[in-house]
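Morning, everyone, and thanks for coming. Please have a look at the model on the screen, and then we'll walk through a few places in it.

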Amino acid sequence: MSFRKVVRQSKFRHVFGQPVKNDQCYEDIRVSRVTWDSTFCAVNPKFLAVIVEASGGGAFLVLPLSKTGRIDKAYPTVCGHTGPVLDIDWCPHNDEVIASGSEDCTVMVWQIPENGLAAPLTEPVVVLEGHTKRVGIITWHPTARNVLLSAGCDNVVLIWNVGTAEELYRLDSLHPDLIYNVSWNHNGSLFCSACKDKSVRIIDPRRGTLVAEREKAHEGARPMRAIFLADGKVFTTGFSRMSERQLALWDPENFKEPMALQELDSSNGALLPFYDPDTSVVYVCGKGDSSIRYFEITDEPPYIHFLNTFTSKEPQRGMGSMPKRGLEVSKCEIARFYKLHERKCEPIVMTVPRKSDLFQDDLYPDTAGPEAALEAEEWVSGRDADPILISLREAYVPSKQRDLKVSRRNVLSDSRPAVAPGSARPGASTFAASTTATTPSGSLTGAREAGKLEEVMQELRALRALVKEQGERISRLEEQLGRMENGDA
């Protein structure tokens, strides 16, 4: 009787999640307490933005990624809204432009200075007014420059041309109830939405028509989410009639039955999905959970494959996800999340452990770059285009261990260890020793010169011993490294 191997092969089965050290977190941030199922956080390769508590209006922090540690209470914020900020989103085509939606019924677009804020920012570049109730959803078009979608509690979806501050499309008859979320497809020709009436809709924004609709995608009354995948399928999170949290995968060509449906647990926090189109991995974070589950989406049944769970101690208030071009390629990092606690933001790094320190082509296929494929006018005229892809190979930096083998002299000259008491710097001693070696001993006359010669000889002996000791240490390190690479350690 033969036993078949039942463990599915996947290079993402061993994705390893790890929070960064405390000094790399962003401390003392008063995260917003607004009761809205937003991520409260947006991040790009230059800046981290977090919606914060603000008296007498709405505000969010914008921090350069390098500004870790404790954030001063007086640190400047973006504070032009007169009501609490509900959602923020960085422009995919300009790392210094961010849009925000607020309870004051407006959408504002901000230009952040290149080096971050030096003073509070109160003047937006553009104010977009068209909603009659609070604006809870903001999302940029993935491929067309300056096209922004906003959705409000007035059940209206508006699409704007930010460059001209004009309203392009108003979709006010497609949603009979509160819109929970909106997600563009790969090239921005369609978007899908999840609504409080338990329906998932696929909409053509330029025609203003409903392409497909699935009623009661999840039967529970709690909020659900729907996102487009790269191949055009739709991934949803929601609740069953018994209030159990569910995941489902749908084919828009046949919306009657889900391709896959999984029940997770009976917690009551809304599930926020984050999708990586390059690896087909979906990360699911629950509001109030202390874990991130991740699943691989494939073409074979059961389509949604559970990979693993990252668990930490504290619950998350919100979550931001770094775009692929902001990751550290040389560390095999495939995702980085920014987890919001009560008073801080903690980056969590997801890596795929690899023995080789070469560039990993299979983990990093070409990904969407910062260049827009279309102008707003071209998209309005009916054109569609996929994102312009870039290679991440240029972002690869060989690790330091790789340099250790070839640069012994550099390792020694940089380490500057202490030598015998009373001796000069090692570099200066080496210079003195080499000078003395080329000087004939007969030319040194008198007791003073003899004393100097003896001092130099002592330094030379100390240096020789030091070089020998460092050489042995390097040999041991290389031996350990070799064993680790061969998997013996």
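Let's begin with valine 85: leaving out residues up to four places away in sequence, valine 85 touches Ile51, Gly58, Ala59, Phe60, Ser100, Gly101 and Ser102. Contact here means heavy atoms within 4.5 Å. This is a predicted model, so local features need pLDDT of at least 70 and side-chain atom pairs count only at pLDDT 80 or more, while totals for chains, interfaces and linings use all residues. Residues are numbered from 1 along each chain as its sequence is written, and side-chain values use heavy atoms, with hydrogens and water left out.

Back to our valine. Valine 85 lies in strand E8, residues 85–90; strands are DSSP runs of E, at least two residues, numbered from the N terminus. Is valine 85 buried or exposed? Valine 85 counts as buried because its relative accessibility is 2%, and buried means under 20% relative accessible area, with exposed over 50% and partly exposed in between, using a 1.4 Å probe and protein chains only. Serine 32 is 53 residues from valine 85 in sequence, yet their C-alpha atoms are 8.6 Å apart in space.

Now to the sheets. One open sheet has 4 strands in the order E12-E13-E14-E15, with antiparallel pairing; two strands pair if DSSP finds at least two bridges between them. At its edges stand strand E12 (135–140) and strand E15 (166–171), each with a single partner strand, so one side of each has no neighbour in the sheet. On average, neighbouring strands of this sheet are turned by 20 degrees against each other, direction ignored; the axes are lines fitted to C-alpha atoms, and angles run from 0 to 180 degrees between N-to-C directions. Within the sheet, E13 (residues 147–152) pairs with E14 (residues 157–161) in the antiparallel sense over 5 bridges, and valine 147 has asparagine 161 in E14 as its bridge partner.

Here is another open sheet, of 4 strands in the order E24-E25-E26-E27, again with antiparallel pairing. Its edge strands are E24 (271–276) and E27 (304–311), each pairing on one side only. The twist averages 25 degrees from one strand to the next. E25 (residues 281–286) and E26 (residues 291–297) are joined in the antiparallel sense by 5 bridges, and tyrosine 283 has tyrosine 294 in E26 as its bridge partner.

Last stop: aspartate 276, in strand E24. Aspartate 276 is buried, with a relative accessible area of 8%. Which residues does aspartate 276 contact, leaving aside neighbours within four places in sequence? They are Val281, Lys324 and Ile334.
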